[in-house]
Amino acid sequence: MVLKLYYDLMSQPSRVLYILLKTMKYDFEPKYVNLRKAEHYSEDFTKVNRMQRVPVIDHNGFILTESIAILKYLSRENVIAESLYSKEYKLQARIEEFLEWQHIGLRLHCAMYFRVVHMDPILTGRKSDEKTIQGYKRRMMMALDDFDTKWLGRGTAFIVGETPTVADLVAACELEQPRMAGFEPKDHFPNIAAWWPKVRDHFAPHYEDAHVILNKIINKMDRAANSKL
């Protein structure tokens, strides 16, 4: 069966699926959708996903949107290894407990801080006011503290036990996003600092491959900031 992945590596959940499929050595057809050129609003892509978002999969004609639904489907189709998405019902429930929490508990706040600090000035030509930035930063810091203490601070190496799962990959890709807004989560939260390199290493080299563009943007920003010193 042919699996097409519609994605843009600037999208956190797109990176998750891209990394997983590469890690599984699964033969898929990449269908790049350039978000910065608004290709997700095109007529052709809207026929694929009426919600005009990535990622999307087309599995031999079965089109599915929403990244968590896609992860569950690929697990049932045995595309994702059981070591990463357990079929034992209690362990699977723990993975899905985190996946349900992270939508509002982590993703929302990291993504909104990134948008207000990094994207809105690009789109509008105006920097967000400091009060607005600090409000979003405060909410992000609370979310990161919850993740650091209530998910990682429970005495296990990873979110669900001693081995990485899709939960860890989803979280790691989300935490990359505020880095483009100049915020490094590892510098503020010790459990994140200890956990994050282990996730990156486990999914190497595909994790780094999926973050090449993101890291180029961060390095460019760092050089620009250093040149002003």
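Me: Buried means under 20% relative accessible area. Which residues of helix 6 are buried on that definition?

Reply: In this predicted model, the buried residues of helix 6 are Val166, Ala167, Asp168, Leu169, Val170, Ala171, Ala172, Cys173, Glu174, Leu175 and Glu176. For Glu174 the relative accessible area is 3%; the limit for a buried residue is under 20%, so Glu174 is called buried.

Me: What makes helix 6 count as largely enclosed?

Reply: The count of its buried residues decides the matter. Eleven of the eleven residues of helix 6 are buried, and the helix is therefore largely enclosed by the rest of the structure.

Me: How do you know how helix 4 and helix 6 are oriented to each other?

Reply: The axes of helix 4 and helix 6 come within 10 Å and cross at roughly 5°. Angles under 35 degrees count as roughly parallel, so the two helices are described as roughly parallel to each other. On the helix 4 side, the contact is made by Ile95, Phe98, Leu99, Gln102, Leu106, Arg107 and Cys110. Helix 6 contributes Val166, Ala167, Val170, Ala171, Glu174 and Leu175.

Me: Why is the pair Glu174 and Arg107 called a salt bridge?

Reply: The closest N and O atoms of Glu174 and Arg107 are 2.8 Å apart. Because a side-chain nitrogen of Arg within 4 Å of a carboxyl oxygen of Glu meets the definition, the pair qualifies as a salt bridge. The two residues lie in distant parts of the chain, with Glu174 in helix 6 (residues 166-176) and Arg107 in helix 4 (residues 89-124), 67 residues apart. Their accessibilities fall in separate classes: Glu174 is buried at 3%, whereas Arg107 is partly exposed at 27%.

Me: How many salt bridges are found in the whole structure, and which residues are linked in a network of them?

Reply: A search of the whole structure gives ten salt bridges. The network links Glu176, Arg179, Glu184 and Arg200. Within it, the side chains of Glu184 and Arg179 meet at 2.9 Å, N to O, and both residues are buried.

Me: What makes Glu29 and Lys31 a salt bridge, and why is Glu29 called partly exposed?

Reply: The N to O distance between the side chains of Glu29 and Lys31 is 3.6 Å, and the limit is within 4 Å, so the pair counts as a salt bridge. Glu29 has 32% relative accessibility; partly exposed covers the range between the buried limit of under 20% and the exposed limit of over 50%, so Glu29 is placed in that class. Lys31, at 28%, is likewise partly exposed.

Me: How do you know the sense in which strand 1 pairs with strand 2 and with strand 3?

Reply: Strand 1 and strand 2 (residues 29-32) pair in the parallel sense over four bridges. Strand 1 and strand 3 (residues 56-59) run antiparallel and are also joined by four bridges. At least two bridges are needed for pairing, so both cases satisfy the definition. Lys4 illustrates the arrangement, with Glu29 as its bridge partner in strand 2 and Asp58 as its bridge partner in strand 3. Strand 1, helix 1 (residues 12-23) and strand 2 together form a right-handed β-α-β unit.

Me: What makes strand 2 and strand 4 the edge strands?

Reply: The open sheet has four strands in the order 2-1-3-4, with mixed pairing. Strand 2 and strand 4 (62-65) each pair on one side only. By contrast with these edges, strand 1 pairs with strand 2 and with strand 3, and four of its five residues are buried.

Me: Why is Lys25 called exposed, and what is notable about its phi?

Reply: Lys25 has a relative accessible area of 75%, and exposed means over 50%, so the term applies. Its phi is near 55°, a positive value in a residue other than glycine. Most residues other than glycine have a negative phi. Lys25 is found in the loop between helix 1 and strand 2.

Me: Which peptide bonds are cis?

Reply: One cis bond joins Val54 and Pro55, with omega about 5°; another joins Ala204 and Pro205, with omega about 0°. Pro55 lies in the loop between helix 2 (43-48) and strand 3, and Pro205 in the loop between helix 7 (190-202) and helix 8 (206-210).

Notes. Residues numbered from 1 in each chain as written. Predicted model: local features only at pLDDT ≥ 70, side-chain atom pairs only at ≥ 80, totals over all residues. Heavy atoms only, no water. Buried < 20%, exposed > 50% of the residue type's maximum accessible area, 1.4 Å probe, protein only. Right-handed = clockwise from strand over helix to strand, strands pointing away. Axes fitted to C-alpha atoms, helices over the stretch in contact; angles between N-to-C directions. Parallel < 35°, antiparallel > 145°, perpendicular 65-115°, else oblique. Contact = heavy atoms within 4.5 Å.
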